[in-house]
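Me: I'm new to this structure and would love a close look at a single part of it. Could you walk me through one of its sheets?

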Amino acid sequence: MKSHFRILIIGAGSAGISVASRLLRHSSAFKHDIALIDPAEHHFYQPLWTLVGGGAAKKEFSKREMESVIPFGTHHIQQSVIAFDPDNNQVRTEEGQIISYEFLVVAPGIEINWDGIKGLKETLGKNGVCSNYSYEHVDYTWETIRNFKGGKAVFTHPNSPVKCGGAPQKIMYLAEEAFSLHGVRNQTEVTFNSANPGIFDVEEYKRALEGVIDRKQIKTNFRTNLTEVRGEEKEAVFENLDTGETFTTSFDMIHVTPPMRAPSFLADSPLAGEGGWVDVHKHTLQHAKYANVFGLGDASNLPTSKTGAAIRKQAPVVANNILSLLKGSPMEAFYDGYSSCPIVTGYRSLILAEFDYFKMPKESMPFNQAKERQSMYHLKKDFLPIIYWNGMLKGVM
Amino acid sequence: MTRQAEGHEPRWAETMEHPEVQESMTYLLRKLPEIQAAVESLDQIVQFGQQTFQDRKSMDYLEDQISLSSIDQESIEALVKLIGKMPVLLKLVERIEEMATFAESVWNDRESLAYMSSSIGQNTLTQKGKELWEKADHIQALAEQNKDEHISIFTVMKWMKDPSVQKSLRYAKATLQVMNNK
C-alpha cells in the first residue's frame, strides 16, 4: 500500500472531501496523490437530522456509503489516526502504519461526549430521553414528540462548543408546533435550559428569536447546564453556571444536546492549541507552527460557529492556499469567519442567520433574513441536501 | 611555479571530496542519457525552425494562407483585447463548468432525484393547488345545487360586507391606482 502522499487529509467529512475535490478539480496532477484517512463506512448529512427528529424528513436520505462520496482519484485509507509527527511529516494509524505527506489537512470533526452527562448513555432512546445527535436514535425523537400526551418537555444546550449552535433550539420549535398540531400544547410546558447567556450570539437574529420564544410561550433558563439524567425517575439535574448550585427538575420528555469536544487523538497531539482544537491562523487556515499543515471545520480553533456552511467557505481557502504554496506564491485566499445557521422555527418557517467573525450579519439574500420565511424553510429542507451531495462534496459549491 | 605545484592538492580536487558534490556528480552521470536525449530533441526543434524559415516555398504558402483568411489588423487587435479579458472569461467559464458539474451530478444521483420528487409531492404549492382544485369542485357542486335560488340586490349588498369581498375590492382599487399612475 502507498505510504506517501502529496496531500494527506485526516477526516472524510464535509471538510476533508470538499478540499480533496477542489484540489482534484484544479489539477489532475493530484490524482492518486491525495489520501483521506477515516475509519467510517458511511458519510452522513447531519443537518437533516433536525427535520428527521421533527418528523419532516426520512433519515435514510442523510446516509450514504463512504465509497460513493470519496472523489475519484483519491485514496480512502479506512483506518484511525492515533498520532501525529509533524516534525517528520508523518502520521501513525491504529494498525501501526506510518503515512508521510507533503501537506497535511486536519479535519476530523468534533467528538460527541455521551459520557459527559451522567446516566445519559444508559437511558438514551427510552424513558422519553431523546437526542438528534446520533443516526441510531434520531427516530426516537420523533416517536417521543408524536406520542407526547402533555406535561414537561425540556430541551438542553450544553456548556461546550457544539456543531451548529442553533440546532438545540430548532428541534424545540418543531416540537412545540407539533404539540399544537396534536392538540396537547395547552397541557404542555416547554422549557429551554441552555448554558449560553442568551438565545443567539448575533444581535439581529437574537431579537427575532426572542420574538419566537415569546410567541411560542417557551420558558428559558440560561446559564444552566445538564449534568445528569435519571431516566427511570424522569428527572434531570442541572447546574447553574453562575452560582454553581444544582437543581433537579422532572420531565415527561427531554431532548439532550450532548457536550462535544476535540477528538482525543488530536487534542493530545503537537498540532493542538487551547482546548485541543487544531491551532490555525483565523484567516489563512494554516497551522500556527507547521507551514505545511492546514486545519478547517469543527476540529479547528476558528472563533466562529461550527457549521457546514462555514466549511463551505473554508474549503476553497485551504485548497487555494495549498496551491499557492506548491507554486511558491504567497497565500492569498482569506477566510472572514463566515458561518450560517438556518434556524427552523416551525414546519414552514425559518430564519436564515448568516454572519462573520465580528458577529455581524453577512446575508446572501436580497431581503431581511431575520424574518421567519417559508421560502427559506424549503431552501433548507428541499435544496440544501441536494446542494450538499452534488455541489459541496464535488468541490463546486 | 604555482603553490599547487609545490605539493598542495588542487582546489577542484578538494571540492570533489565533498559527499554532496559526489552525490550530485553521480546523479548527473546517471541522468546523462536523459539529458542527451533532451538536448537532441531541442536541437531538432531549432533545426526545424531554421529550415522552415529558409524554405521559401513553405513561407510563401504560409503567407498565402494568412492573406486568404479573414485575419486582418482588426483580428489581431481583437485577439489582444481578448487576451486582456481572459481572466474575466476564465472566471465565467469556471462558473459555467461548476454549474454543469452540479447539474450532471444531480442528474446522475438517483437518491437526490428521489428526494426531490418526494419533496415536490409534499410541497406547499402542490398542496395549495390540490386544495384549490377541491374548492373549485365544491363551489361548482354548490352552485349546481342552488341553481334555482334567486339572488337579490340585498344579497349582493350583504356580500359587500364579507371580508373576502372587501379584500378583493381593496386589491382592485390598488390595481386601478397603480395603472392610473403609469
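Reply: Happy to! A word on terms comes before the sheet itself: two strands count as a pair if DSSP finds at least two bridges between them. Strands of a sheet pair through backbone hydrogen bonds, either parallel or antiparallel. Please keep in mind that this is a predicted model.

The sheet to look at is in chain A, where three strands form an open sheet in the order β14-β15-β16, with antiparallel pairing. Which strands stand at the edges? They are β14 (224–230) and β16 (246–250) of chain A. Each of these has a single partner strand, so one side of β14 and one side of β16 are left without a neighbour in the sheet. The strands do not line up exactly: on average, neighbours in this sheet are turned by 30 degrees against each other, direction ignored.

Now let's follow one pairing. β14(A) runs antiparallel to strand β15 of chain A, which covers residues 235–240. How many bridges join the two? There are six bridges between β14(A) and β15(A). To find your place in the picture, look for A:N225, which stands opposite A:E239 in β15(A).

For a wider view, chain A also touches another chain: 13 of its residues are in contact with twelve residues of chain B. On the chain A side of that contact, the residues divide by class into six nonpolar, three polar and four charged.

Conventions. Residues numbered from 1 in each chain as written. Chains lettered and ligands numbered in written order. Predicted model: local features only at pLDDT ≥ 70, side-chain atom pairs only at ≥ 80, totals over all residues. Contact = placed C-beta atoms within 7 Å. Nonpolar A, V, L, I, M, F, W, Y, C, P; charged D, E, K, R; others polar. Helix = DSSP H or I, 4+ residues; strand = E, 2+ residues; numbered from the N terminus. Axes fitted to C-alpha atoms, helices over the stretch in contact; angles between N-to-C directions.
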